[in-house]
Amino acid sequence: MICRHCNQAKVNRPRGLCWSCYYRPGVRDQYPSTSKYARRGVGNFCGTPPVPTAATSARPGSAEKIAILAERARNKQSLWHPDDVTMNPPVTAELLAQAC
Ligand SMILES: [Zn+2]
């Protein structure tokens with residue numbers, strides 16, 4: 001394999017770089033890690049995150065809902081809001097009256 005930066009030397013450092021490019025200031029930062037063990041995504045943390053400011057009307061499993069979950073994870077908020085739309089609507093007195 002040839003170095004991703006200079007396209008000349010053989011790769012002998014991580015990120016697909018040669019020794020000279022890997023240790024030259026500024027070059028390493030231009031190339032993300034190629035390791036499957038590298039950190040990716042928005043990270044993880046312990047504790048109780050704050051509840052999102054607004055509930056969503058996006059249905060569970062929809063692309064819109066997944067985008068909202070990603071946004072909440074980026075903002076270090078709880079993924080779930082108590083008033084988010086669920087697959088089953090909550091049982092209300094009106095629904096009970098209709099069932100009888
Ligand atoms: Zn190089």
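**Exercise 1.** Among contacts in the protein chain between residues at least 6 apart in sequence, what percentage join residues at least 24 apart?

*Solution.* The model is predicted: local features need pLDDT of at least 70, side-chain atom pairs count only at pLDDT 80 or more, and totals for chains, interfaces and linings use all residues. Residues are numbered from 1 along each chain as its sequence is written. Two residues are in contact if their C-beta atoms, placed from the backbone, lie within 7 Å. Of the contacts between residues at least 6 apart, 33% join residues at least 24 apart.

**Exercise 2.** Decide whether the protein chain is spread out or a compact globule.

*Solution.* Start with the secondary structure: the protein chain has three helices and zero strands, where helices (H or I, at least four residues) and strands (E, at least two) are DSSP runs numbered from the N terminus. The radius of gyration, taken over C-alpha atoms, is 24 Å, well over the 13 Å that the globule rule gives for 100 residues, so the chain is more spread out than a compact globule. That rule is 2.2 Å times the number of residues to the power 0.38. Finally, the C-alpha trace spans about 80 × 25 × 20 Å along its principal axes.

**Exercise 3.** Describe the surroundings of K76.

*Solution.* First locate K76: the residue is in the loop between α2 (63-74) and α3 (93-99), and its phi is positive, about 55°. Next count neighbours: K76 has 12 other C-beta atoms within 10 Å and is therefore exposed (buried means 20 or more, exposed 12 or fewer, partly exposed in between, with C-beta atoms placed from the backbone). Then list contacts: leaving out residues up to four places away in sequence, K76 touches F45 and P49.
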